[in-house]
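Colleague: Please pick one local part of this model and take me through it closely. Then work outward to what surrounds it. Keep it brisk.

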Amino acid sequence: MLIDTHCHLASACYRGSLAAVEARARSGGVGHCVSLGTHPEDDWADQLAMEGLSPRFVTPCLAIHPTEVHRTSPGDVGKLAALASARPLGAIGEAGLDYYWPAPEGWSEEEYHRRQRELLEAHFRIARACGLNISLHTRDRRGSACFRDAVDIARRFPEVRPVFHCFIGTREQAEVVFRELDGLISFTGIVTFKSSAKLREVAAWCPPDRFMIETDSPYLTPEPHRGKTNEPAYARYIAACLAVLRKVDETEIERLTSKTARNFFRLAC
């Protein structure tokens, strides 16, 4: 059974169709999904409700996405802490830093990025207090400042293991994640793109216990369905690509990534 370790099942793309999404996923060998929340007003309630509807298929994670920091209050952080301590979550996520998108109107870039870093530290504190790991978003417009800042913050919380979701970095950056943070990386459909030669090299090299598979659906649809709405069923195309790159059977990719996912997110499936 494959596990999709990062998707957004509360997206409007899937509204009212969870059963159909699950059926297509299971028919493709994807038996469980970790679904990430991004803001208390947007999707937290839906994430928790989906777990209630299909607990054997969905494990929720909750956090405030960095691009939503301007819509965030201390009360939201407190709500996350209360929820994370009151009920089981797979991890804290999708948290992180995003220096790709410009600051919202009325905010300077400096203030926008500073507030993101403060929010990320708050997420790490909650994860540490609740004994959870954390799923990290990092995206730079240019350079790697975002990645470096996230690593610097993660170093202060050695009790919390991070996964750098949708990893598109270099081997050197992956080595930092593994060596300094005891962290993981996860590969999306981007690894199936022919233009992603450098990322494919990382995927071929990556230690077998340090990576997971994710769709990030409804985004980043893999080949051969690029251009369509992504969904968990398409995780099998990522697994197939990784098997070719690593010169192993697909069942080995399934075994390795599912074991890693179960350990990281404390899954019972």
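Modeller: Start with Asp216, in the loop between S8 and H8. This is a predicted model. Asp216 has a positive phi of about 55°, yet it is not a glycine. Is Asp216 buried or exposed? Its relative accessible area is 9%, so Asp216 is buried. The threshold for buried is under 20%.

Pro218 also has its place in the loop between S8 and H8. The peptide bond from Ser217 to Pro218 is cis, and its omega is near 15°. Thus the loop between S8 and H8 holds both Asp216 and Pro218.

Now step back to the sheet. It is open and has five strands, in the order S4-S5-S6-S7-S8, with parallel pairing. S4 and S8 (211-213) are the edge strands, and each pairs on one side only. From one strand to the next, the twist averages 30°. Helix H4 (residues 109-130) packs on this sheet and touches S4 and S5. The direction of H4 makes about 160° with that of S4.

At the S8 end, S8 pairs with strand S7 (residues 184-187). The sense is parallel, over three bridges. In that pairing, Ile185 stands opposite Phe211 of S8.

At the other edge is strand S4 (residues 92-99). How many of the eight residues of S4 are buried? Eight of the eight are, so S4 is largely enclosed by the rest of the structure. S4 pairs with strand S5 (residues 134-140) in the parallel sense, over six bridges. Tyr99 stands opposite Asp140 in S5. S5 is mostly covered too, with five of its seven residues buried.

S4 has a cis peptide bond to check as well. The bond from Gly93 to Glu94 is cis, with omega near 20°. Glu94 lies in S4. Note that this cis bond leads into a glutamate, whereas the one in the loop after S8 leads into a proline.

Next, the interior. In soluble globular proteins, nonpolar side chains tend to be buried together. Here the largest nonpolar core has 71 residues. Leu9, Ile92, Phe164 and Ile185 touch the most other members. Helix H8 (residues 235-246) supplies the largest share of this core, seven residues. A separate core has twelve residues, among them Leu36, Cys61, Ala261 and Phe265.

Take Ile92 as an example. Neighbours within four places in sequence are set aside. Ile92 is then in contact with Leu62, Ala63, Leu80, Ala84, His123, Ile126, Ala127, Leu132, Asn133, Ile134 and Ser135.

Helix H9 (residues 250-265) brings us back towards S8. Thr260 is found in H9. With 10% relative accessibility, Thr260 counts as buried. Not counting residues up to four places away in sequence, Thr260 touches Leu184, Pro208, Asp209, Phe211 and Met212. Of these, Phe211 is the residue of S8 that stands opposite Ile185.

There is also a second sheet. It is open, with three strands in the order S1-S2-S3 and parallel pairing. Strand S1 (2-7) and strand S3 (58-61) are its edges, each pairing on one side only. Its twist averages 15° from one strand to the next. H9 packs on this sheet and touches S1, S2 and S3. The direction of H9 makes about 50° with that of S1. Strand S2 (residues 30-36) pairs with S3 in the parallel sense, over four bridges. Val34 has Thr59 of S3 as its bridge partner.

After H9 comes a backbone feature to set beside Asp216. Arg266 is in the segment after H9. Phi of Arg266 is near 55°, positive in a residue other than glycine. Its relative accessible area is 49%, so Arg266 is partly exposed. Asp216, by contrast, is buried.

Last, one helix pair. Helix H5 (residues 145-155) and helix H6 (residues 171-181) pack at about 5°, with axes 11 Å apart. H5 and H6 are therefore roughly parallel. In H5, Phe147, Val151, Ala154 and Arg155 make the contact, meeting Gln173, Val176, Val177, Glu180 and Leu181 of H6. Those contact residues divide into six nonpolar, one polar and two charged.

Definitions and conventions:
Residues numbered from 1 in each chain as written. Predicted model: local features only at pLDDT ≥ 70, side-chain atom pairs only at ≥ 80, totals over all residues. Heavy atoms only, no water. Core = buried A, V, L, I, M, F, W, Y, C linked by side-chain atoms within 4.5 Å. Buried < 20%, exposed > 50% of the residue type's maximum accessible area, 1.4 Å probe, protein only. Helix = DSSP H or I, 4+ residues; strand = E, 2+ residues; numbered from the N terminus. Contact = heavy atoms within 4.5 Å. Axes fitted to C-alpha atoms, helices over the stretch in contact; angles between N-to-C directions. Parallel < 35°, antiparallel > 145°, perpendicular 65-115°, else oblique. Nonpolar A, V, L, I, M, F, W, Y, C, P; charged D, E, K, R; others polar. Pairing = 2+ DSSP bridges.
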